[in-house]
Amino acid sequence: MIRFDSIALIQGSFHLSNICFEVPKGAYAVLMGPTGCGKTTVLELLCGLRAPMLGSIHINDTDVTNLAPGARGVGYVPQDGALFPRLTVGEQVGFSLRVRRLPESEVISRVAELGEMLGIGHLLGRRSSGLSGGERQRVALGRALAFRPSVLCLDEPLSALDEDLHGEMCSLLETVHSETGVTALHVTHSGSDAERLATHQLRFVSGSVHEISSEAAEE
Amino acid sequence: MNQPSDIRDRGFLLFLTLFAGLYVALIVGMLLADATYTTPGDLLAALESEEIRYAAKLSLTSSTITALLSVWFAIPIGYLLSRTNFPGKALVDGILDIPIVLPPMVIGLSLLILFQTSFGQAIEGLVPVTYRIPSVILAQFAVACAFAVRTMRVTFDQLPERPEQVALTLGATRAQAFWRVTLPQAGGGALSAGLLAWARALGEFGPILVFSGATRMKTEVLPSTVFLELSTGNLEAAVAVSLLMVLAAITVLVTARALGVRRGW
């Protein structure tokens, strides 16, 4: 579960005020809104990369507002993947497990498991420099999922993909969501992506986040 | 139809080439003048001189130590300036530029006076510095490190912050994110910073003359040799030593660049 309570943030000329919304546990929420409205900022607030001036953020009933990014259990897939250029794909996917000092056998087994699930098993020994857009997104997804986060943040993961890859990646996101049960918050411009993937649709309207539909409400 | 535009473009390129050509010609001209003024015999004579061999050894060793020290300091300083905001940052930033703008002699004089204070004397009590080899390294470091810091600051400014932020969300501490994600990407910048510091240190003369002196077989570095040979009217030896410095610098720069290219920096 993700809950934003009256979040306010001012950063230079940009500001957000009274951001309130809730995403139930295990839901796939899609947040839409025009460019520059603060969608990415909402993800950064949830990941702990920005601190709100006011309000609180809860994940599964724990107040994480003042927790460090690494203590929140949030997997983050930024817009361009933001892969680590000097590490191999396998090292990136295992990164979160190695900083947690898990036994190497567990790291290797989890990396192989994710490699198979995301179709990047054949890339594990390669560096990120020659990867295609779709491969980069899969690696970023694997990296974010490795430590079994309770929440997954996706910042426009489909925007730079061509039509075929777009459909493939959508299917992959559906599979990942159903297999892991992770609570997802996915930022996008695309109404069709939202229709396909979302169990809950959120939209920025005049600086506030509104829930515009949920599967539960539709049912 | 496009002809006038083509002519204008060619004119512009010619304008750029003219300035580039003039400056390159000046540099090549200086090197050729040195090379044609001296003879292989002069170069061999310079290499056979025990004093000059000592100066070359001290120059190369001290410049290498200075370059390593400069990069060691420049990486944390550059990262701090690039990634953090703190009260007085603009002041610190300005202070770090002082060695770049100060006349070299003034830096030497300032070091000499610093080591006459009670603080400096306390250090002298532990490790003798002034007019000894450590003073050569310190004089080189005082200037060269400022250039390395500028290079590392620009390097970190140009690296996107997002991968580092992702590392934090994955459970890394700031130190782990720095060591495992950011620093490996800064390899090329660190190499450039090191080369710049090394080249500055090799050519440093003013601060060393004031702070270390130019005592033969003790604190004499190659630029001091050029000065000493010139002051005794031995122009051939001065030019031969200059050419040795050029050759040493080219060898190190080309080797380091090749190493950088091989590592993908």
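**Exercise 1. Find the residue that comes after helix H1 of chain A, describe its backbone, and decide whether the helix is buried or exposed.**

*Solution.* Start at the end of the helix: H1(A) is followed by A:Gly48, and the phi of this glycine is positive, near 90 degrees. Keep in mind that this is a predicted model.

Next, go back through the helix itself. H1 of chain A covers residues 39-47, and eight of these nine residues are buried, so the helix is largely enclosed by the rest of the structure. The buried set consists of A:Lys39, A:Thr41, A:Val42, A:Leu43, A:Glu44, A:Leu45, A:Leu46 and A:Cys47. Notice that A:Lys39 and A:Glu44 belong to that set.

**Exercise 2. Work out how strand S8 of chain A is surrounded, and which strands pair with it.**

*Solution.* Begin with burial. S8(A) runs over residues 183-188, and six of its six residues are buried, so the strand is largely enclosed by the rest of the structure.

Now separate the faces. In a regular strand the side chains alternate between the two faces of the sheet. On one side of S8(A) we find A:Thr183, A:Leu185 and A:Val187, and on the other A:Ala184, A:His186 and A:Thr188. Both faces are covered, as every one of these residues is buried.

Then look for the partners:

- S3 of chain A (residues 28-32) pairs with S8(A) in the parallel sense over five bridges. Within S8(A), A:Ala184 is the residue opposite A:Tyr28.
- S7 of chain A (residues 151-155) is likewise parallel to S8(A), joined to it by five bridges. Here A:Asp155 stands opposite A:Val187.

**Exercise 3. Give the strand order of the four-stranded open sheet in chain A and say which strands stand at its edges.**

*Solution.* Read the order across the sheet: S2-S1-S4-S5, with antiparallel pairing. The strands at the edges are S2 (14-23) and S5 (62-63); each has a single partner strand, so one side of each is left without a neighbour in the sheet.

To check the pairing inside the sheet, take S1 (residues 2-11) and S4 (residues 54-59) of chain A, which run antiparallel and are joined by five bridges. A handy pair to locate on screen is A:Arg3 with its bridge partner A:His58 in S4(A).

**Exercise 4. Place A:Gly73 in the fold: where is it, and what does it touch?**

*Solution.* First, the position: A:Gly73 sits in the loop between S5 and S6 of chain A. Second, its surroundings: 18 other C-beta atoms lie within 10 Å, and the residue is partly exposed. Being buried would take 20 or more.

Third, the contacts. Leaving aside residues up to four places away in sequence, A:Gly73 touches A:Ile59, A:Pro149, A:Ser150 and A:Val151. Two of the strands met above return here: A:Ile59 lies within the range of S4, and A:Val151 within that of S7. For a distance to check, the C-alpha atoms of A:Gly73 and A:Gly119 are 24 Å apart, with their positions 46 residues apart along the chain.

**Exercise 5. Judge the overall build of chain A.**

*Solution.* Count the elements: chain A has eight helices and 10 strands. Its radius of gyration is 17 Å, close to the 17 Å given by the globule rule for 219 residues, so the chain is as compact as a globular protein of that length. Along the principal axes, the C-alpha trace spans about 45 × 35 × 35 Å. Of the 219 residues, 46% count as buried. Finally, among contacts with a separation of 6 or more, 67% come from residues 24 or more positions apart.

**Exercise 6. Describe the side of chain A that touches chain B, then the domains of chain B.**

*Solution.* On chain A, 18 residues are in contact with 14 residues of chain B. The elements of chain A that give two or more residues to this side are S6 (74-77) and H3 (95-99), and H3(A) gives the most, with three. By type, the residues of this side divide into 13 nonpolar, two polar and three charged. The predictor gives the complex an ipTM of 0.93 and a pTM of 0.88.

Turning to chain B, we have domain 1 (1-37) and domain 2 (40-262). Their C-alpha centres lie 32 Å apart, and the contact takes four residues from each domain. Chain B has a mean pLDDT of 93, with 98% of its residues reaching 70 or more.

Conventions. Residues are numbered from 1 along each chain as its sequence is written. Chains are lettered from A and ligands numbered from 1 in the order in which they are written. This is a predicted model: local features need pLDDT of at least 70, side-chain atom pairs count only at pLDDT 80 or more; totals for chains, interfaces and linings use all residues. The radius of gyration is taken over C-alpha atoms; the globule rule is 2.2 Å times the number of residues to the power 0.38. A residue is buried if 20 or more other C-beta atoms lie within 10 Å of its own, exposed if 12 or fewer, and partly exposed in between; C-beta atoms are placed from the backbone. Two residues are in contact if their C-beta atoms, placed from the backbone, lie within 7 Å. Ala, Val, Leu, Ile, Met, Phe, Trp, Tyr, Cys and Pro count as nonpolar, Asp, Glu, Lys and Arg as charged, and the others, Gly among them, as polar. Domain bounds come from an automatic or database domain assignment. pLDDT is the predictor's confidence in each residue, from 0 to 100. Two strands pair if DSSP finds at least two bridges between them.
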